[in-house]
Amino acid sequence: MLQVRQAAPEDMPAVLALYEEVIDLFQAQTGKTAWRKGVYPTEEDFQGAVQAGTLYLGELDGILAAGMIITQGTDKSYGDAPWRVDAEDSKTAVIHTLGVSPHCAGRGVGLDMVKGAAALARGRGWRALRLDVLEGNDPALRLYERAGFQYIATKEIFYPCTGLANFLLYEYAV
């Protein structure tokens, strides 16, 4: 059974190794280089998330199987998206950088991580989880739709790692 927990500073070497593998898999599955070693996500991104208490890890049988960052409030780059859940910004959160180890693929780890995010949201009184998925990232789209996220809109968003690109916005009512 997957155990989801907040990351600690001593987890950094394992987190970096995990995301090296995840980036390779992402590029192989999608043909896209939105996640690039040394560009995004970086060691600094993860260190900042550990310090902020927003990096969460999934362990399966004592092995690091997945990671994600969850931040309170809706990402400003989403603009005026037509969200279905009418909630103050403080009652929303965004899932970023969800990655599953290739060694754990097909075992429901991604879905369990999303369920862990939903449990965290409920515990904090948040009303909606939101996220964006790069157009063409079909594995992520399938995961979020299977987890109950609802498609909201497609937006052009600029991120330094992708440039201006289409992202599909999704929302999960907690």
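**Exercise 1. In this predicted model, find which residue takes a positive phi in the hairpin of strand 2 and strand 3, and describe how the two strands pair.**

Solution. Begin with the hairpin of strand 2 and strand 3, which has 2 residues between the strands, and where aspartate 61 takes a positive phi near 55°. Next, take the strands themselves: strand 2 covers residues 55–60, and its pairing with strand 3 is antiparallel, running over 6 bridges. Finally, a single pair can be picked out for inspection, since glycine 58 has alanine 66 of strand 3 as its bridge partner.

**Exercise 2. Determine whether strand 3 is largely enclosed or left open by the rest of the structure, and identify how it pairs with strand 4.**

Solution. Strand 3 spans residues 63–72, and the cut-off needed here is that a buried residue has under 20% relative accessible area. Because 7 of its 10 residues are buried, strand 3 is largely enclosed by the rest of the structure. Turning to strand 4, residues 92–100, one finds antiparallel pairing with strand 3 over 6 bridges, and within strand 4 histidine 96 is the bridge partner of isoleucine 69. As for helices, helix 3 (residues 109–124) lies across several strands, including strand 3, to which it runs at about 40°.

**Exercise 3. Work out the strand order of the open sheet and state which strands stand at the edges.**

Solution. The open sheet has 7 strands in the order 1-2-3-4-5-7-6, and its pairing is mixed. Strand 1 (3–6) and strand 6 (150–159) each have a single partner strand and therefore stand at the edges, with one side of each left without a neighbour in the sheet. From one strand to the next, the twist averages 30°. At the strand 1 edge, 4 bridges join strand 1 to strand 2 in the antiparallel sense, and tyrosine 56 of strand 2 is the bridge partner of glutamine 6.

**Exercise 4. Characterise the largest pocket by its volume, its lining residues and their classes.**

Solution. The first step is the volume, which is about 980 Å³ for the largest pocket. The second step is the lining, which is made by 40 residues, with Trp35, Leu98, Asn137, Ala140 and Tyr144 the closest to the centre of the pocket. The third step assigns the lining to elements, and those that give two or more residues are helix 1 (12–30), strand 4, helix 3, strand 5 and helix 4 (138–146). The last step sorts the lining by class, giving 25 nonpolar, 10 polar and 5 charged residues.

Conventions:
Residues numbered from 1 in each chain as written. Predicted model: local features only at pLDDT ≥ 70, side-chain atom pairs only at ≥ 80, totals over all residues. Heavy atoms only, no water. Buried < 20%, exposed > 50% of the residue type's maximum accessible area, 1.4 Å probe, protein only. Pairing = 2+ DSSP bridges. Axes fitted to C-alpha atoms, helices over the stretch in contact; angles between N-to-C directions. Contact = heavy atoms within 4.5 Å. 1 Å grid on protein atoms, 1.4 Å probe; cavity = no way out; pocket = protein on both sides within 12 Å on 5 of 7 lines; lining within 4 Å. Points joined across faces, edges and corners; volume = space filled by probe spheres on them. Nonpolar A, V, L, I, M, F, W, Y, C, P; charged D, E, K, R; others polar.
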